[in-house]
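I opened my notebook to look around a structure that is new to me. Here is what I looked up, entry by entry.

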Amino acid sequence: MRFDVLTLFPEIFQSYLGQSLLKRAIERELVDVALHNIRDWTKDKHHSVDDRPFGGGPGMVMKVDPVVECVEAVRGRSAHPGHLVMLTPQGQRLDQPAVERLAGHRRLLLLCGRYEGFDERIRQILQPEEISIGDYVLNGGEVAAMAVIDATIRLVPGVLGDEDSSQFDSFSGGLRRLEFAQYTRPREYRGLEVPDVLLSGNHDEIARWREKDARQRTQQRRPDLLAENE
Ligand code: JDQ
């Protein structure tokens, strides 16, 4: 799966892309991430990417021409145009079904803005899919784009180890619940012990305990998820 990230701050992605899971996936050619600086498509001598809003008001707006020309140039370099996603607070909420849908594309272009948002004509011309990662205001689309990449690559076959398969994720395949509690060594820490059943070796009993624990935790913390399970 190929990602093209269009941003004014490509350096924000460097340490994220260097993490081992992603580095291995990139080395094995399961994932490819290309960074493009929108500022490289400015033509004026000051390389302006933002300007004051018509009608007045605080803040600045992303200019239409560098963004449109950046998207068109990046698309034009490959035979497959890819699916254009714009990260905005106005977009459709990123949930696991949305991640599964995005993972169905061979190529995603992730358009990251800054300032107070995009000149509306960017939407009119490019007709991107708009995605929000939640109802809070970030300073730009970069952190949201990383969330899209991070969630999507889990679904690319081979990126996770076999045993770690994402098909068991508690939000995958329409299954909506929280994970059961997990423990590892030591068996006792500051007086807190691992539940005996997990040390029993009885796999039927362990499976029943985990099922019950997952249900209880979901009921207590996210009853809204159970309501959606009809
Ligand atoms: C941009 C901003 C005031 C936007 C500029 C570009 N889920 C989510 N939250 N925030 C974003 C996405 C996001 C995405 C792109 C962005 C925020 N901003 C800041 C400031 C009004 C609107």
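**Entry 1: contacts of the ligand.** I began with the term I needed: a polar contact is a pair of N or O atoms within 3.5 Å; within protein, one must be able to donate a hydrogen and the other to accept it, and residues adjacent in sequence count only if both atoms are side-chain atoms. I noted that this is a predicted model, where local features need pLDDT of at least 70 and side-chain atom pairs count only at pLDDT 80 or more, while totals for chains, interfaces and linings use all residues. Residues are numbered from 1 along each chain as its sequence is written, and side-chain values use heavy atoms, with hydrogens and water left out.

I then found an N or O atom in the side chain of Ser132 at 3.2 Å from a nitrogen atom of the ligand. The backbone takes part too: an N or O atom of Gly134 is 3.2 Å from a ligand nitrogen, and one of Tyr136 is 2.7 Å from a ligand nitrogen. The ligand alone exposes 480 Å², and the protein buries 88% of that (Shrake-Rupley method, 1.4 Å probe).

**Entry 2: the shell.** I looked up the residues around the ligand (a heavy atom within 4 Å). There are 16 of them, and Leu87, Ser132, Ile133, Tyr136 and Leu138 are the closest. By class I read 7 nonpolar, 7 polar and 2 charged residues; Gly counts as polar here, and Asp, Glu, Lys and Arg as charged. Strand β5, residues 83–93, gives the most to this shell, with 3 residues.

**Entry 3: the chain.** I read off 8 helices and 9 strands in the protein chain (DSSP runs, H or I of at least four residues for helices and E of at least two for strands). The chain is more spread out than a compact globule, because its radius of gyration is 22 Å, well over the 17 Å that the globule rule gives for 230 residues (C-alpha atoms; 2.2 Å times the number of residues to the power 0.38). Its C-alpha trace spans about 70 × 40 × 40 Å along the principal axes.

**Entry 4: two backbone oddities.** Most residues other than glycine have a negative phi, and most peptide bonds are trans. I found that Gln127, which is not a glycine, has a positive phi of about 45°, in the loop between α5 (120–126) and β7 (129–132). The peptide bond from Arg185 to Pro186 is cis, with omega near 0°.
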